[in-house]
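Student: I've got a model to go through with you. Can we take it a piece at a time?

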Amino acid sequence: MARVYALIDGNSFYCSCERVFDAKLAKRPVLVLSNNDGCAIARTSEVKALGIKMGDPYFKIRSLCARERVAVFSSNYTLYGDMSRRLNRIYQGWAREIEVYSIDESFLYIAGLVDRDRVGYAKDLRSTVKRWTGIPTCVGIGPTKTLAKLANHTAKKNADLGGVCDFTDPKTRERHLAETAIDNVWGIGRASTAKLLTLDIRTVGDLLEADPKRIRMAMTVVGERIIHELKGVSCLPLDAVPAQRKGLAVTRSFSTAVTGEAKMLEALAAYATRAAEKLRHHGVAAVQGHVFMHSNKHNGDRPIYSSKPLALLEATADTHVLIDAAVHAGKRAWRQGYRYAKAGIVLTDLVSADRIQKSFFQTLDRDERARLMEAIDAVNARFGRGSLFSAAAGIKREWSTKFEMRSPRYTTRWNELPVANA
DNA sequence: TCTGGGGTCCTAGGACCC
DNA sequence: TCTGGGGTCCTAGGACCC
């Protein structure tokens, strides 16, 4: 049976989430900013039309936004993550299997499920999602994941397609793709685009006619795989079961530069706390990692990048062990006399928590510690993240990330529920 | 003067993604 | 004044081994 993949994603997803809970935003341009309100990361079509680009620093577009009455939001990942889960619950009922690819994109495997009217199926799916969650979406369909991605992109660019594009038929693909620029293809970024342009390959049509050996020279096996996928030969399987994660990081820019060691260690302790929570959430433990700290690369401050490994005796997901290791490494990495803009903890080698190698120097009662961590997680699940934490992570936290324009966490906090007046 | 031929494993860095 | 965060995969090159 031929394979059929559908890629569905939310249109300007973060902006759409904001619109769901505030009807007044429907007609206004909406912009969502990155952490620290640093730069633009989600834009509605009206915002794009104003010439605001992905990644534009907010301080450079602030006055334009004010003039054009753009509704500007800090990012509210709690809300977006919860909306994402709602979407995926719907998709489950519409596919044989699904792969959650990112916070706003999922691949649906629909071979054998929908054989005739694929476009009709996709339109029904879109309208169901819109009705149940308020989120507008687009759907791309194809015999490979790369073609489904490209079909989705085509649906977005051509309003007359009604949010759905089906690339199952080679003739339809040819018609749409002959003049599509190569940098719209999943996996072809800036560097590869530049290389391909020197080979006189500008469009997907050019790419399909090119000698695969030349593509391989320019782009290694990755490029070869893309060509196969574009021709309808599936090379990228559906990952219905998320792979065991290989690494994990908690890194943040500071709201104002950190110049004192105590503040830096406080921040690292807070990041270690969050990293340990993530480890336990994924059922893994860290064997290796490091902390780092660096100055701002843009503002002319004296440059520094400093990093030191964590000294972990054994695989751990214990908050206090990780805090100790992070603070210890942080002290060794610290250089006085710089203005630090960002720091983080990076865990690079993870193992499954039920297969932890015991250290010869084991000193803590592991079961007791595990119960303590469970208790802390339970308290924080009930009363909100950060209700119970180690004082090493700081109380005042002047350095912590800015979210000055964040909307309420409508769906996950009782005291932030939306209010309806009737 | 002339300096083998494989393997494996690890790491750093590049490229790409959302 | 003010420029995000968190992932994955691939390759090259060094260390090491027989």
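Tutor: Sure, one definition to begin with: a residue is near a molecule or strand if one of its heavy atoms lies within 4 Å of it. This is a predicted model, where local features need pLDDT of at least 70 and side-chain atom pairs count only at pLDDT 80 or more, while totals for chains, interfaces and linings use all residues. Residues are numbered from 1 along each chain as its sequence is written, chains are lettered from A and ligands numbered from 1 in the order in which they are written, and side-chain values use heavy atoms, with hydrogens and water left out.

Student: Of the atoms of DNA strand C within 4 Å of the protein, what share belongs to sugar or phosphate?

Tutor: The strand has 26 residues around it, with Asn-35, Arg-245, Thr-251, Arg-252 and Ser-253 coming nearest. Bases make up the rest of those strand C atoms, and the sugar or phosphate share is 71%.

Student: How far is a phosphate oxygen of DNA strand C from an N or O atom in the side chain of Arg-252?

Tutor: Here a polar contact is a pair of N or O atoms within 3.5 Å; within protein, one must be able to donate a hydrogen and the other to accept it, and residues adjacent in sequence count only if both atoms are side-chain atoms. For Arg-245, a side-chain N or O atom sits 2.5 Å from a phosphate oxygen of DNA strand C, and a polar side-chain atom of Thr-251 also lies 2.5 Å from a phosphate oxygen of that strand. For the side chain of Arg-252, the distance is 2.6 Å.

Student: Which element gives the largest share of the surface near DNA strand C?

Tutor: Elements are DSSP runs numbered from the N terminus: helices (H or I) of at least four residues and strands (E) of at least two. Two or more residues each come from α3 (58–67), α10 (212–230) and β9 (248–258). The largest share, six residues, belongs to β9.

Student: And for DNA strand B, which element gives the most to the nearby surface?

Tutor: There are 13 residues around DNA strand B, and Ser-102, Lys-149, Gly-187, Ala-191 and Ser-192 come nearest. Sugar and phosphate account for 100% of the strand B atoms that come within 4 Å of the protein. At least two residues each are supplied by β5 (97–102) and α8 (190–198). With three residues, the one that gives the most is α8.

Student: How far is a polar backbone atom of Arg-190 from a phosphate oxygen of DNA strand B?

Tutor: Start with the sugar or linking oxygens of strand B: one is 2.8 Å from a side-chain N or O atom of Ser-102, and one is 3.1 Å from a polar side-chain atom of Asp-104. For the Arg-190 backbone and a phosphate oxygen, the distance is 3.2 Å.

Student: Is Thr-137 buried or exposed?

Tutor: Thr-137 is in strand β7 (residues 137–142). Leaving aside neighbours within four places in sequence, its contacts (heavy atoms within 4.5 Å) include Ile-8, Tyr-91 and Arg-126. The classes use relative accessible area with a 1.4 Å probe and protein chains only: under 20% is buried, over 50% exposed, and in between partly exposed. Because its relative accessibility is 1%, Thr-137 counts as buried.

Student: How many of the eight residues of α1 are buried?

Tutor: Among the buried ones are Phe-13, Tyr-14 and Cys-15. The buried residues of α1 pack against elements including β1 and α4 (77–92). The helix is mostly covered, and the count is six.
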